[in-house]
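This report describes the fold of one protein chain, its nonpolar cores and a few chosen residues. Please keep the sequence and the model in view while reading.

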Amino acid sequence: MSPRAMLSDEEEQKDREDRGRLQELERKFRSLETRRASLLGEMRQLSSEQKALYDRRQAPQQEVQQLYDQHSQLGHRLAELRTTREKARRHLEAAVVAVREMRGAHPVTERARPEQIRKEIADLEHKQQTSALPIEEENALIGRIRERTKELKAAEGRAATVAEHEKQRKEADAAVRACRTEVDRLGVEFAQARADRDALMTAIRTKLEAAGGMVAEMRAKGKARAELMEKVDGMSREMAELDQEARRIYGESRARREEAVRTLRAYSRPRGRTNDEVAANLADAQLQELLKRGKITLGG
């Protein structure tokens with residue numbers, strides 16, 4: 001006699017329904033297991049892509065740090081150049097003032113050279129000798145010659161002083177030119193340093209935008225991974241519920257069979273083990289084996 005003969009018709013119907021339900025649970029469980037495995041694969045892929053983005057982000061991040069260091073150095077250099085240029089401008093202003101003061105202190109008449117006065121006297125004498133002038137004009141011309149002759153003697157007397165003044169004036173003019181050249185040079189260097197610093201800032205922005213794009217992509221992948229994780233957790237909960245229901249069905253089936261065995265033993269005459277007892281024990285052993293497999297192994 002088969003073990004099912006121990007069950008009533010109602011219990012037999014319930015047993016068939018339970019087997020159908022277990023098969024349905026197994027199909028759902030396997031489907032969820034397959035889908036969850038696929039989602040876990042996608043999560044691992046996203047994690048790998050995030051790690052690759054993180055590694056790629058390190059290079060531009062290091063380059064940005066280097067660019068920041070160079071930018072900072074150029075900032076210090078610009079401050080030094082600005083101070084040096086302002087100092088050179090003050091020197092230029094002082095040199096220009098010195099030239100103006102020197103020219104004011106030594107008028108052109110005082111700086112006149114004897115050669116110039118001699119030439120003027122010669123021109124006046126030539127005019128006197130070659131021109132017929134009225135007596136008044138001739139007397140005025142003679143007076144001018146005498147005046148310039150006195151100036152010539154005085155100029156010859158201070159020729160050394162005039163020469164020294166002329167030397168100082170040239171030196172002052174040279175100092176002005178040198179100061180102006182230095183100011184111009186510092187201005188060019190300052191402009192170049194500022195242009196280099198601006199170029200570095202542009203490069204920093206470019207690198208930061210690239211790194212920012214990677215960070216945004218990493219966040220997007222992290223969000224997608226979190227969404228997948230939420231789905232995986234939901235499937236895991238659903239699988240746990242299926243497992244719990246399957247265990248409940250197994251438990252109820254076992255309880256029915258145990259009750260049938262107890263009923264059969266109670267109404268049977270005491271004698272050796274019957275085929276029914278052997279079959280019942282076999283069914284019970286099978287149920288015990290199913291439950292020993294731990295976490296649900298539907299269709300196992």
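The sections below go from the whole chain to its cores and then to single residues.

## Overall make-up

The model is a predicted one, and its protein chain holds six helices and zero strands, so that reading from the N terminus the elements run α-α-α-α-α-α. Of the 300 residues in the protein chain, 25% count as buried, and the accessible surface comes to about 20100 Å², with 51% of that area belonging to carbon and sulfur atoms.

Contacts across long stretches of sequence are frequent here: among contacts in the protein chain with a separation of 6 or more, 89% are between residues 24 or more positions apart.

## Nonpolar cores

In soluble globular proteins, nonpolar side chains tend to be buried together. In this model the largest nonpolar core has 15 residues, and those with the most contacts inside it are Leu22, Leu25, Leu32, Leu39, Leu228 and Leu242. The elements that give two or more residues to this core are α1, spanning residues 9-105, and α5, spanning residues 159-267; the largest share, eight residues, comes from α5.

Apart from this core lies another, made of 14 residues, among them Leu78, Ala95, Val99 and Phe190.

## Helix α4

Helix α4 covers residues 135-157, and its 23 residues reach 33 Å from the first C-alpha to the last, close to the 33 Å expected at 1.5 Å a residue. Which residues of α4 are buried? They are Leu141, Ile145, Arg148, Leu152 and Ala155, a list that includes the charged residue Arg148 beside nonpolar ones such as Leu141 and Ile145.

## Arg197 and its surroundings

Arg197 has its place in helix α5. Because its relative accessibility is 26%, Arg197 counts as partly exposed, lying between the limit of under 20% for buried residues and that of over 50% for exposed ones.

Leaving aside residues up to four places away in sequence, Arg197 touches His71, Leu74, Gly75 and Leu78. One of these, Leu74, is 123 residues from Arg197 in sequence, yet the two are 6.1 Å apart in space, C-alpha to C-alpha. Another, Leu78, is also among the residues of the 14-residue core.

## Glu80 and Phe190

Glu80 is placed in helix α1 and is partly exposed, because its relative accessible area is 47%. Along the chain Glu80 and Phe190 are 110 residues apart, while their C-alpha atoms are separated by 9.4 Å. Phe190 itself is among the residues of the 14-residue core.

Definitions and conventions: Residues are numbered from 1 along each chain as its sequence is written. This is a predicted model: local features need pLDDT of at least 70, side-chain atom pairs count only at pLDDT 80 or more; totals for chains, interfaces and linings use all residues. Side-chain values use heavy atoms; hydrogens and water are left out. A nonpolar core is a set of buried Ala, Val, Leu, Ile, Met, Phe, Trp, Tyr and Cys residues joined through side-chain atoms within 4.5 Å. Buried means under 20% relative accessible area, exposed over 50%, partly exposed in between (1.4 Å probe, protein chains only). Helices (H or I, at least four residues) and strands (E, at least two) are DSSP runs, numbered from the N terminus. The expected span of a helix is 1.5 Å times one less than its number of residues. Contact means heavy atoms within 4.5 Å. Accessible areas come from the Shrake-Rupley method with a 1.4 Å probe; for residues, only the protein chains shown count as cover.
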